[in-house]
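Thank you for letting me take a few minutes of the meeting. I would like to walk through one structure, piece by piece, and I will explain each term when it comes up.

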Amino acid sequence: MPKASFPVADSEIPGAFVALDPSTHAFFLDVDGTLIDIAARPEAVVVPPGLPDALAALADRAQGALALVSGRSLASLDELFGAGRFAAAGVHGADIRLAPGLSSQRAARLDEDLRRELRATASEFSGVLAEDKECAVAIHYRTHPEIAPILNRAITEVVGQRPGVEIMPGHCVFEVRRKGIDKGAAVDRFMAAPPFAGRRPVFIGDDVTDEAGFRAVNQAGGIAVAVGTPRDGAQALLPDPRSVRALITHLAAEPRQRRR
């Protein structure tokens with residue numbers, strides 16, 4: 001099977017990271033800011049027509065070795081891309097489905113008092129949204145990025161010295177979650193099971209929360225690709241979600257259909 005290359009105009013990607021082969025690689029894909037464009041609110045995102053089918057085609061060519069790895073809940077991912085259609089790790093791996101159609105494995109909920117306090121704290125700030133995912137709480141401030149320092153202090157005061165809980169910053173979001181849950185741990189779980197085991201992993205993501213995934217694939221001899229902004233651990237860069245979708249479409253096509 002001919003190997004694919006990144007079909008990105010005006011973009012130079014090191015040759016060591018150009019070749020991708022769906023028959024030998026496993027694909028781990030962040031969602032917001034990677035597959036789809038970021039919106040002001042999580043529920044306002046738009047999945048471009050044809051993207052779920054392109055992902056399904058790539059998953060088929062990779063014998064199922066494709067997973068969505070997102071901060072979104074599994075329920076949100078299924079609403080966007082089709083219920084149970086893909087292997088997926090939601091809430092950064094706190095809720096994980098190892099293969100399409102399987103039941104998910106979910107981490108324990110955060111303490112209800114902590115979740116309530118975090119929701120109350122978010123409500124004190126104009127334009128701030130608390131997204132309660134039960135096993136994590138994401139506090140979004142995309143419409144008011146200037147409040148990040150004061151919002152971070154307020155969240156830190158709520159979390160305090162609670163054992164086993166941490167604050168993870170992201171793109172205009174602070175997420176409170178249990179320690180030890182991240183996208184890297186999710187990748188490791190996928191890579192320990194078929195159809196991912198034995199393949200070379202590829203992780204594509206745009207945010208600081210994806211850097212744990214980058215570290216995991218690097219340790220497995222894989223390829224880490226950042227989107228939009230260079231990130232620690234990423235060996236290659238794609239300019240935007242549109243270029244990621246172009247890559248997905250390219251890899252999903254039969255070799256004879258690909259552009260040369």
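Let me begin with Arg-97, which, if we set aside residues up to four places away in sequence, touches Leu-74, Asp-78, Gly-84, Arg-85, Phe-86, Ala-87, Ala-88, Leu-102, Ser-104 and Phe-190, where contact means heavy atoms within 4.5 Å. Before going further, I should say that this is a predicted model, in which local features need pLDDT of at least 70 and side-chain atom pairs count only at pLDDT 80 or more, while totals for chains, interfaces and linings use all residues. Residues are numbered from 1 along each chain as its sequence is written, and side-chain values use heavy atoms, with hydrogens and water left out.

Arg-97 is found in strand 4, residues 95–97; helices (H or I, at least four residues) and strands (E, at least two) are DSSP runs, numbered from the N terminus. Is Arg-97 buried or exposed? Its relative accessibility is 6%, so Arg-97 counts as buried, given that buried means under 20% relative accessible area, exposed over 50%, and partly exposed in between, with a 1.4 Å probe and protein chains only.

Two of the contacts of Arg-97, Leu-74 and Asp-78, are also among the buried residues of helix 2 (residues 74–81), together with Ser-76, Leu-77 and Phe-81. These buried residues of helix 2 pack against helix 1, strand 2 (66–69), strand 3 (87–90) and strand 4. Just after helix 2 comes Gly-82, which takes a positive phi of about 110°.

Another contact of Arg-97 is Phe-190, and that brings me to the aromatic rings. A search of the whole structure finds five aromatic pairs, where rings of Phe, Tyr and Trp (its six-membered ring) pair if their centres lie within 6.5 Å, and planes under 30 degrees apart count as stacked, over 60 as edge-to-face and the rest as tilted. In one of these pairs, the rings of Phe-28 and Phe-190 have centres 5.8 Å apart and planes at 40°, so the pair is tilted. Phe-28 belongs to strand 1 (residues 25–29) and Phe-190 to helix 5 (residues 183–191), so that the pair links distant parts of the chain, 162 residues apart. Phe-190 also forms a tilted pair with Phe-196, at 5.1 Å centre to centre and 50° between the planes. Ring pairs thus link Phe-28, Phe-190 and Phe-196 into a cluster. As for their surroundings, Phe-28 is buried at 0% relative accessible area, Phe-190 is buried at 0% as well, and Phe-196 is buried at 1%.

Next, the helix pairs. The axes of helix 1 (residues 51–61) and helix 7 (residues 241–252) come within 8 Å and cross at roughly 45°, where axes are lines fitted to C-alpha atoms, for helices over the stretch in contact, and angles run from 0 to 180 degrees between N-to-C directions. Helix 1 and helix 7 are therefore oblique to each other, since angles under 35 degrees count as roughly parallel, over 145 as roughly antiparallel, 65 to 115 as roughly perpendicular and the rest as oblique. In this contact, residues of helix 1 including Leu-51, Ala-54 and Leu-55 meet residues of helix 7 including Arg-245, Ile-248 and Thr-249.

Which way do helix 3 and helix 4 run relative to each other? The axes of helix 3 (residues 112–123) and helix 4 come within 10 Å and cross at roughly 160°, and the two helices are therefore roughly antiparallel. The contact is made by Leu-114, Glu-117, Leu-118 and Thr-121 of helix 3 and by Ala-154, Ile-155, Val-158 and Val-159 of helix 4.

Helix 4 (residues 148–159) also leads us to a sheet, for it lies across strand 7, strand 8 and strand 9, running at about 20° to strand 9. That open sheet has four strands in the order 6-7-9-8, with antiparallel pairing; two strands pair if DSSP finds at least two bridges between them. Strand 6 (129–132) and strand 8 (165–170) stand at the edges, each with a single partner strand, so one side of each is left without a neighbour in the sheet. Strand 7 (residues 136–140) and strand 9 (residues 173–178) run antiparallel and are joined by five bridges, and in this pairing Ala-138 stands opposite Glu-175 in strand 9.
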